[in-house]
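Here are my notes on the model you sent, set out as numbered points so that each can be checked against the coordinates.

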Amino acid sequence: YPRYKYYISLNAKWKGLSISALFDGVGKQSAYFANDYHIGTKAFLSQENLERGYWSLNNQDAYFPRAYDKNRNQLFENTANDQYVSNLAHLRIKNINISYSLPESILSKMKLRSLSVNVSGENLGMIYNKSWDKEYDPIQLDNGLSTYPISRVYSLGFKVGI
């Protein structure tokens, strides 16, 4: 289970410009995944796994054990060890919002009461990700890689007061 969950909210305003940001994270979370993706089998050979390295006489400090067919590598899947414990600690950028309101001197010339522009981004990525696999989101890893990635959303808005 995640420990040391934290949220950071930052807000600043200056001369009509407003910036807010929301971050969330987990300070400590470990998980053991006994599946082909984390243990690595010959049936699951990919360029990504080859880069992590399989044990051989020439590569004895490799991440993965010696590559066998699926049945022989099940020995590693059913043996508890700390080699394949994933650290899911992270800091995620949940939301950044920037808005600008025109000053009253300009609004009076345009005969408007208010006019503001707003730009927002949600789920913009990670600042800090301790997982050995930077490609996957720690929440995805925690769910066993069976979920879709978290959607990144951008929005632009205008608010006009007549």
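1. Asparagine 123 is found in strand S6, and in this predicted model the residue has a positive phi of about 50 degrees although it is not a glycine. Asparagine 123 counts as buried because its relative accessible area is 16%, under the 20% cut-off. I would look at this backbone angle together with the surroundings of arginine 92, since asparagine 123 is among the residues that arginine 92 touches.

2. Arginine 92 has its place in strand S5 and stands opposite methionine 126 in S6. With a relative accessible area of 4%, arginine 92 is buried. Leaving out residues up to four places away in sequence, its contacts are Leu22, Phe23, Asp24, Asn123, Gly125, Met126, Asp137, Ile139 and Ile150, a list that includes both asparagine 123 and the bridge partner methionine 126.

3. Aspartate 24, which is also among the contacts of arginine 92, lies in strand S2. What is its relative accessible area, and is aspartate 24 buried or exposed? The value is 14%, and aspartate 24 is therefore buried. Apart from neighbours within four places in sequence, aspartate 24 is in contact with Tyr6, Tyr7, His90, Leu91, Arg92 and Lys94.

4. On the pairing of the strands, S6 should be followed on both of its pairings. S5 and S6 pair in the antiparallel sense over 11 bridges, while S6 and S7 pair, likewise in the antiparallel sense, over 9 bridges. Within the second of these pairings, glutamate 122 has valine 153 in S7 as its bridge partner.

5. Serine 116 is another residue of strand S6, which covers residues 114-129, and serine 116 is buried, with a relative accessible area of 17%. Which residues is serine 116 in contact with, leaving aside its neighbours within four places in sequence? They are Tyr100, Ser101, Gly157, Phe158 and Lys159. For one of these, phenylalanine 158, the separation from serine 116 is 42 residues in sequence but 5.8 Å in space, taken from C-alpha to C-alpha.

6. Two of the contacts of serine 116, Tyr100 and Phe158, also belong to a nonpolar patch on the surface, which is formed by Leu17, Ile19, Ile98, Tyr100, Val117, Val119, Leu156, Phe158, Val160 and Ile162 and has about 940 Å² of accessible area together. Strand S2 (17-28), strand S5 (90-101), S6 and strand S7 (153-161) each supply at least two residues of this patch, and S7 gives the most, with 3 residues. Leucine 156, one of the patch residues, is found in strand S7 and is exposed, with a relative accessible area of 58%. When reading the patch along its strands, please bear in mind that in a regular strand the side chains alternate between the two faces of the sheet.

7. Lysine 111 is a second residue to check for its backbone angle, with a positive phi of about 60 degrees although it is not a glycine. Its setting is the loop between helix H4 (104-110) and S6, whereas asparagine 123 is found in strand S6 itself. Lysine 111 is exposed because its relative accessible area, 71%, is over the 50% cut-off, while asparagine 123 is buried, at 16%.

Notes: Residues are numbered from 1 along each chain as its sequence is written. This is a predicted model: local features need pLDDT of at least 70, side-chain atom pairs count only at pLDDT 80 or more; totals for chains, interfaces and linings use all residues. Side-chain values use heavy atoms; hydrogens and water are left out. Helices (H or I, at least four residues) and strands (E, at least two) are DSSP runs, numbered from the N terminus. Buried means under 20% relative accessible area, exposed over 50%, partly exposed in between (1.4 Å probe, protein chains only). Contact means heavy atoms within 4.5 Å. Patches are made of residues with over 30% relative accessible area and no salt bridge: like charges are joined within 9 Å, nonpolar side chains (Val, Leu, Ile, Met, Phe, Trp, Tyr) within 5 Å. Accessible areas come from the Shrake-Rupley method with a 1.4 Å probe; for residues, only the protein chains shown count as cover. A salt bridge is a side-chain nitrogen of Lys or Arg within 4 Å of a carboxyl oxygen of Asp or Glu. Two strands pair if DSSP finds at least two bridges between them.
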